[in-house]
Amino acid sequence: MLFRSARGLVVQVPPDAGRDAPDSERLHAERLATLDVCLLTPDEQRVGMATGALGLDVPLVSARLGDTLAAVASHPPIAGLPVGLQGLGAGAPAVLVTAAREPRVRAVVCRGGPVGLAQAVLPRVTAPVLLLADPAELAAGERVVARLLRARLERSGPDDDVRA
């Protein structure tokens, strides 16, 4: 949804087309426009459901998300807005990979999902990251947080305020 008075845009990546991102109404109340994108074709979704690998082709999903951000950047009503990414489930590692290479991304939220699949790019993620993990995913989430903190400490000086 677009608002003329939007302060930013949140691109939400659900794990599949059958699920909507749950936070749109709250984001709209804060004058944030939202764009919910399913980045898998129907055939890819069927194969993913059958194999249990739905959305786990992180490079593919991230490349499509990058294309989406490029399209947004060329759309005048929202072109200059700061961008946040929210990945739900299997979309979570793709938003981290995209944030690592897209300077327009100002914030990242990962709600569940296999965030450990994005470990290799974490040192390049400069936007603030919020990880919301299920209890079964806490160990992977802790490793991701530790890697983000190490990368931020390496980029900063000893007196800088560093937050993951």
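**Exercise 1. Identify the residues that leucine 85 touches, leaving out those up to four places away in sequence, and place leucine 85 in the nonpolar core.**

Solution. Step 1: a contact is taken as heavy atoms within 4.5 Å. Leucine 85 touches Val11, Leu65, Leu69, Val95, Thr98, Ala99, Val105, Ala107, Val108 and Val109. The model is predicted, so local features need pLDDT of at least 70 and side-chain atom pairs count only at pLDDT 80 or more, whereas totals for chains, interfaces and linings use all residues. Residues are numbered from 1 along each chain as its sequence is written, and side-chain values use heavy atoms, with hydrogens and water left out.

Step 2: a nonpolar core is a set of buried Ala, Val, Leu, Ile, Met, Phe, Trp, Tyr and Cys residues joined through side-chain atoms within 4.5 Å. Buried means under 20% relative accessible area, exposed over 50%, and partly exposed in between (1.4 Å probe, protein chains only). The largest such core has 36 residues, and those with the most contacts inside it are Val11, Leu85, Leu96 and Val108.

Step 3: two or more residues of this core come from each of strand 1, helix 3, strand 3, helix 4, strand 4 and helix 5 (138–155). Helix 4 gives the most, with 7 residues. Helices (H or I, at least four residues) and strands (E, at least two) are DSSP runs, numbered from the N terminus.

**Exercise 2. Describe the surroundings of glutamine 86 in strand 3.**

Solution. Step 1: strand 3 covers residues 83–88 and contains glutamine 86. With a relative accessibility of 5%, glutamine 86 counts as buried.

Step 2: not counting residues up to four places away in sequence, the residues touched by glutamine 86 include Val10, Val13, Asp23, Val95 and Arg111. Its side chain also makes a polar contact with the side chain of glutamine 12, at 2.7 Å. A polar contact is a pair of N or O atoms within 3.5 Å; within protein, one must be able to donate a hydrogen and the other to accept it, and residues adjacent in sequence count only if both atoms are side-chain atoms.

**Exercise 3. Determine how the buried residues of helix 3 are arranged and what covers them.**

Solution. Step 1: helix 3 (residues 58–73) has 16 residues and reaches 22 Å from its first C-alpha to its last, close to the expected 22 Å. The expected span is 1.5 Å times one less than the number of residues.

Step 2: the buried residues of helix 3 are Val58, Val61, Ser62, Leu65, Gly66, Thr68, Leu69 and Val72. Seen down the helix axis, they fall within an arc of 160°, so they line one face of helix 3. The arc is that of the directions from the helix axis to the C-beta atoms.

Step 3: the face turned away from this buried side carries the exposed residues Pro59 and Asp67. The cover over the buried residues includes strand 1 (8–13), strand 2 (32–36), strand 3, helix 4 (92–101) and strand 4 (105–111).

**Exercise 4. Locate the salt bridge that a search of the whole structure finds.**

Solution. Step 1: a salt bridge is a side-chain nitrogen of Lys or Arg within 4 Å of a carboxyl oxygen of Asp or Glu. The search finds 1. Arginine 64 and glutamate 44 meet through their side chains in a salt bridge of 2.6 Å, N to O.

Step 2: the pair links distant parts of the chain, 20 residues apart, with arginine 64 in helix 3 and glutamate 44 in helix 2 (residues 42–51).

Step 3: arginine 64 is partly exposed at 24% relative accessibility, and glutamate 44 is partly exposed at 25%.
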